[in-house]
Amino acid sequence: MQQVRKPPARWPWLVVAVVAGAAGWWLLRPAMPVHQAPASAETAAPGGAPPPPVATGSDAPRIQHPLEPLPDAADEAIPALADSDALVFGELEALSGDPSLLGLLIREHLVQRLVVMVDNLTEPRVQTSVMALRSPPGQYAVVEGEGAAVDDMQANTARYAPYVAAFTGAEPQRLANTYRRLYPLFQQAYAEIGGPDAYFNDRLVQVIDHLLQAPPPPSAAALVRDERGRWRHVDPALESASVGHKALMRLSPGQQTAVKQQLRALRRALARP
C-alpha cells in the first residue's frame, strides 16, 4: 500500500489493538509529532467492515490484505465513531483479563488514538498527545557510570512484565475477531487521516512486519541524558531507530521473543500469506 500524506491534527485533544498494541504500545515515551489526525466524523459506517476503497485509476493503491467481516457482524450494533469509546474500552477490558492494566489507556477518542499511534510506530519520534497509552508506573531504570549509563535490564524487565504478559497471554484469534468486529471504526478513523483510499488493515500489517524486524535488545548500550534530561542512546544507529523498534529493544530477549511470537500469530489471522 502506498504511503499517503496526512493532514494536520484538528481534534480538540490533539488527536493497535485493538490488535497491534504490542509491547511498544505500553512502553513508549515519545518526543515530537509525525502523523496527526483531523477532526473525527460524527457518524460511523454501519455494522460490518466497510467496502474496500474504490480504485479510481491505474495508480490507485490496491488493498493487499482485505479484511472480511465476521459472519454475524452485521447483526451487532456498532456505534458511531464519536460514541465508540465505551464499547471499545469494554472490549479491551474483556480481552486483557486484568482490568487494572487498562489504567494506562486514555479512554477519550480511543479508536482515533490507537490508529494514530499504530501509524506512527515506524517513525523515530511521536508526540505524547497522540498516544493511546500513558507510560507505565515508575521510571526507566539505568545503571550510571562515568560519563554514560546503561540499561538496567533486570529492573526494566520487571517493570514491563505485566504488560508483556497481558499482550502475549491473549488468545490471538479472539484478538483478531474483536478487531474484525470493530473494524468499521478503525477504518473510518484511518480514512480521516489518510484519505478515502487508505486501508487500515494494510497499514497494520505493515507495522507488524516492521516490529518483527526489530533488532534484539542491545547489550550494555551506552546512554546519556539530552538537554531535557531524557535518556538517549550514544550510538546514532540505535537512537535513530523507530519508536516501535526502540520499545522492543527495551525488553529482555525473552520478552521480545514472546511479543514477536504473538505478533506473528496475529499477522496470520489478519493478513494474506
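**Entry 1: a loop residue to begin with**

I started at histidine 109, which I found in the loop between helix 2 (85–96) and helix 3 (110–120). This is a predicted model, so I kept an eye on confidence as I went. Phi of histidine 109 is near 55°, a positive value in a residue other than glycine. I noted that beside the general rule: most residues other than glycine have a negative phi. Is histidine 109 buried, exposed or partly exposed? I read 25% relative accessibility for histidine 109, and because partly exposed covers the range from 20% to 50%, that is its class.

Next I walked into helix 3, which is mostly covered: eleven of its eleven residues are buried. Among them I listed Leu110, Val111, Leu114, Val115, Val116, Met117 and Val118. I was pleased to see that Gln112, Arg113, Asp119 and Asn120 are on the buried list of helix 3 too.

**Entry 2: the overall layout and confidence**

I stepped back to look at the whole chain. I have nine helices and four strands in the protein chain. Reading from the N terminus, I wrote the order of elements down as α-α-α-β-β-α-α-α-β-β-α-α-α. The protein chain has 273 residues, and 54% of them count as buried.

How much of the protein chain reaches a pLDDT of 70 or more? I get 75% of the residues, with a mean pLDDT of 78 for the protein chain. Which element has the lowest mean pLDDT, and which the highest? Helix 1 (residues 23–27) is the lowest at 35, and helix 6 is the highest at 97. I marked residues 1–51 in my notes, since pLDDT stays under 50 there. The model still gives residues 1–51 a total of 185 contacts beyond four places in sequence. I marked residues 53–57 as well, with pLDDT below 50 and seven contacts in the model beyond near neighbours in sequence.

**Entry 3: helix 5 against helix 6**

I then looked at how helix 5 (residues 172–194) meets helix 6 (residues 200–212). The two pack at an angle of about 100°, and their axes are 9 Å apart. An angle of 65 to 115 degrees counts as roughly perpendicular, so helix 5 is roughly perpendicular to helix 6. Which residues make the contact? From helix 5 I have Tyr179, Tyr183, Phe186, Gln187 and Tyr190, and from helix 6 I have Phe200, Asn201, Arg203 and Leu204. Sorted by class, the contact has six nonpolar, two polar and one charged residues.

**Entry 4: strands 3 and 4**

I began this one with alanine 220, in the loop between helix 6 and strand 3. Phi of alanine 220 is near 55°, again a positive value in a residue other than glycine. Its relative accessible area is 61%, so alanine 220 is exposed, the cut-off being over 50%.

Moving on to strand 3 (residues 223–225), I stopped at valine 224. Valine 224 is partly exposed, at a relative accessible area of 31%. I paired valine 224 with alanine 149: they are 75 residues apart in sequence, yet 6.4 Å apart in space, C-alpha to C-alpha. Setting aside neighbours within four places in sequence, I found valine 224 in contact with Gly147, Ala148, Arg230, Trp231, Arg232 and Val234.

From there I went to histidine 233, in strand 4 (residues 231–233). How far is the C-alpha atom of histidine 233 from that of leucine 223? I have 4.6 Å for this pair, which lies ten residues apart along the chain. Outside the neighbours within four places in sequence, histidine 233 is in contact with Ala221, Ala222, Leu223, Leu238 and Glu239.

**Entry 5: two last look-ups**

I checked arginine 62, in the loop between helix 1 and helix 2. Arginine 62 is exposed, with a relative accessible area of 71%. Its C-alpha atom is separated by 9.6 Å from that of aspartate 202, 140 residues apart along the chain.

I finished on helix 9 (residues 253–270), which has 18 residues. From its first C-alpha to its last, helix 9 reaches 26 Å, close to the 26 Å expected at 1.5 Å a residue. Which residues of helix 9 are buried? My list for helix 9 is Gln255, Gln256, Val259, Lys260, Gln262, Leu263, Ala265, Leu266 and Leu270.

Key. Residues are numbered from 1 along each chain as its sequence is written. This is a predicted model: local features need pLDDT of at least 70, side-chain atom pairs count only at pLDDT 80 or more; totals for chains, interfaces and linings use all residues. Side-chain values use heavy atoms; hydrogens and water are left out. Axes are lines fitted to C-alpha atoms, for helices over the stretch in contact, and angles run from 0 to 180 degrees between N-to-C directions. Angles under 35 degrees count as roughly parallel, over 145 as roughly antiparallel, 65 to 115 as roughly perpendicular and the rest as oblique. Contact means heavy atoms within 4.5 Å. Ala, Val, Leu, Ile, Met, Phe, Trp, Tyr, Cys and Pro count as nonpolar, Asp, Glu, Lys and Arg as charged, and the others, Gly among them, as polar. The expected span of a helix is 1.5 Å times one less than its number of residues. Buried means under 20% relative accessible area, exposed over 50%, partly exposed in between (1.4 Å probe, protein chains only). pLDDT is the predictor's confidence in each residue, from 0 to 100.
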